[in-house]
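Here's a friendly walk through a structure you may not have met before. Have a look at it first, and then we'll go through some of its charged pairs, its cores and a few residues that stand out.

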Amino acid sequence: MKIWVDADACPVVIKEILYKASERRRIETTFVANRALRVPRSLHIKTLQVPQGFDVADNEIVKKLEGGDLVITADIPLAAQVIEKGGFALSPRGELFTEDTIQSRLSIRDFMDDLRATGVDTGGPAALNRSDRQQFANKLDMLLARYGQN
């Protein structure tokens, strides 16, 4: 298993959890973004800078991902592609997207997009809180223990 991070929108506290997990488990973790990122020096932590553009980072992740890899993303369409390729998709809030849940999540996303297109202010997501961070860390540990190499 490798970890791929949709890093442009990934919260710093989640990146820090991933840095520690990557080192502890000795698992290759690649942060994909359309800007330069600073990450700790490590044999296990990499960055991949992609050109600016709509879904460029997402497309690169999907292209490089192999079945059984883990992708960290809040992007529902990307999560759907990851699942379709046999990977795992985990949100920064600790929600594991699955074949059973992804279609309803896509429908909700599309509905909210339609509302916003008509001018309805749907607000944004709530700030990441301590419970979200803990849920992410717990779900990450569970996935790495079950499917990771260590």
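Glu 28 and Lys 46 bring their side chains together in a salt bridge, with 3.4 Å from N to O. Keep in mind that this is a predicted model. The two partners come from distant parts of the chain, 18 residues apart: Glu 28 is in the loop between H1 and E2, and Lys 46 is in strand E3. Glu 28 counts as partly exposed because its relative accessible area is 26%, and Lys 46 is partly exposed too, at 38%.

How many salt bridges are there? The count comes to 6. Here are some of them, including the one we just met.

| Pair | Closest N to O |
|---|---|
| Glu 28 and Lys 46 | 3.4 Å |
| Glu 60 and Lys 64 | 3.6 Å |
| Asp 132 and Arg 93 | 2.7 Å |

Glu 60 and Lys 64 sit in helix H2, 4 residues apart, which is about one turn of the helix. An α-helix has 3.6 residues a turn, so residues three or four places apart point the same way. Glu 60 is buried, with a relative accessible area of 17%, while Lys 64 is partly exposed at 37%.

Asp 132 and Arg 93 make a long-range link: Asp 132 is in helix H5, Arg 93 is in the loop between E5 and strand E6 (96-97), and 39 residues separate them along the chain. Asp 132 is buried at 13% relative accessible area, and Arg 93 is partly exposed at 29%. There's also a network, in which salt bridges with shared partners join Glu 60, Lys 63 and Lys 64.

**Thr 30 and the cores**

Lys 46 turns up again around Thr 30, a residue in strand E2 (residues 29-33). Is Thr 30 buried or exposed? Its relative accessible area is 6%, so it is buried. Setting aside neighbours within four places in sequence, Thr 30 is in contact with Ile 3, Trp 4, Val 5, Lys 46, Thr 47 and Leu 48.

Two of those contacts, Ile 3 and Val 5, also appear in the largest nonpolar core. That core has 22 residues, and Ile 3, Val 5, Leu 18, Phe 31, Leu 70, Ile 72 and Leu 140 touch the most other members. Strand E1 (3-6), helix H1 (12-25), E2, strand E4 (70-72), strand E5 (88-90) and helix H5 (130-147) each give two or more residues to this core. Apart from it there is another core, of 17 residues, with Trp 4, Leu 78, Ala 89 and Phe 97 among them.

What does Leu 140 touch, not counting residues up to four places away in sequence? The list is Ile 3, Ile 17, Leu 18, Ala 21, Leu 70 and Leu 90.

**Helix H1 and what follows**

H1 has 14 residues, which at 1.5 Å a residue should span 20 Å; its end C-alpha atoms are 20 Å apart, so the two agree. Buried in H1 are Ile 14, Lys 15, Leu 18, Tyr 19, Ala 21, Ser 22 and Arg 25. The buried residues of this helix pack against E1, E2, strand E3 (45-49), E4 and H5.

Just after H1 comes Arg 26, with a positive phi of about 55° although it is not a glycine. Arg 26 lies in the loop between H1 and E2 and counts as exposed because its relative accessibility is 57%.

**A group of aspartates**

Asp 6, in strand E1, is buried yet has no salt bridge: Arg 35, the nearest side chain of opposite charge, is 9.3 Å away. What the side chain of Asp 6 does have is a polar contact of 2.9 Å with the side chain of Thr 73. Among the residues in contact with Asp 6 are Asp 58 and Asp 75.

Asp 75 is in the loop between E4 and helix H3 (76-84) and is partly exposed, at 24% relative accessibility. Not counting residues up to four places away in sequence, Asp 75 touches Asp 6, Asp 55 and Asp 58. The C-alpha atoms of Asp 75 and Asp 58 are separated by 8.6 Å, and the two residues are 17 apart along the chain. A polar atom of the Asp 75 side chain also lies 2.8 Å from the backbone nitrogen of Leu 78.

Asp 55 has a positive phi as well, about 65°, without being a glycine. Asp 55 belongs to the loop between E3 and helix H2 (56-64) and is partly exposed at 30% relative accessibility.

Terms used:
Residues are numbered from 1 along each chain as its sequence is written. This is a predicted model: local features need pLDDT of at least 70, side-chain atom pairs count only at pLDDT 80 or more; totals for chains, interfaces and linings use all residues. Side-chain values use heavy atoms; hydrogens and water are left out. Buried means under 20% relative accessible area, exposed over 50%, partly exposed in between (1.4 Å probe, protein chains only). Contact means heavy atoms within 4.5 Å. A nonpolar core is a set of buried Ala, Val, Leu, Ile, Met, Phe, Trp, Tyr and Cys residues joined through side-chain atoms within 4.5 Å. Lys and Arg count as positive and Asp and Glu as negative; His and the chain ends are not counted. A salt bridge is a side-chain nitrogen of Lys or Arg within 4 Å of a carboxyl oxygen of Asp or Glu. A polar contact is a pair of N or O atoms within 3.5 Å; within protein, one must be able to donate a hydrogen and the other to accept it, and residues adjacent in sequence count only if both atoms are side-chain atoms. The expected span of a helix is 1.5 Å times one less than its number of residues.
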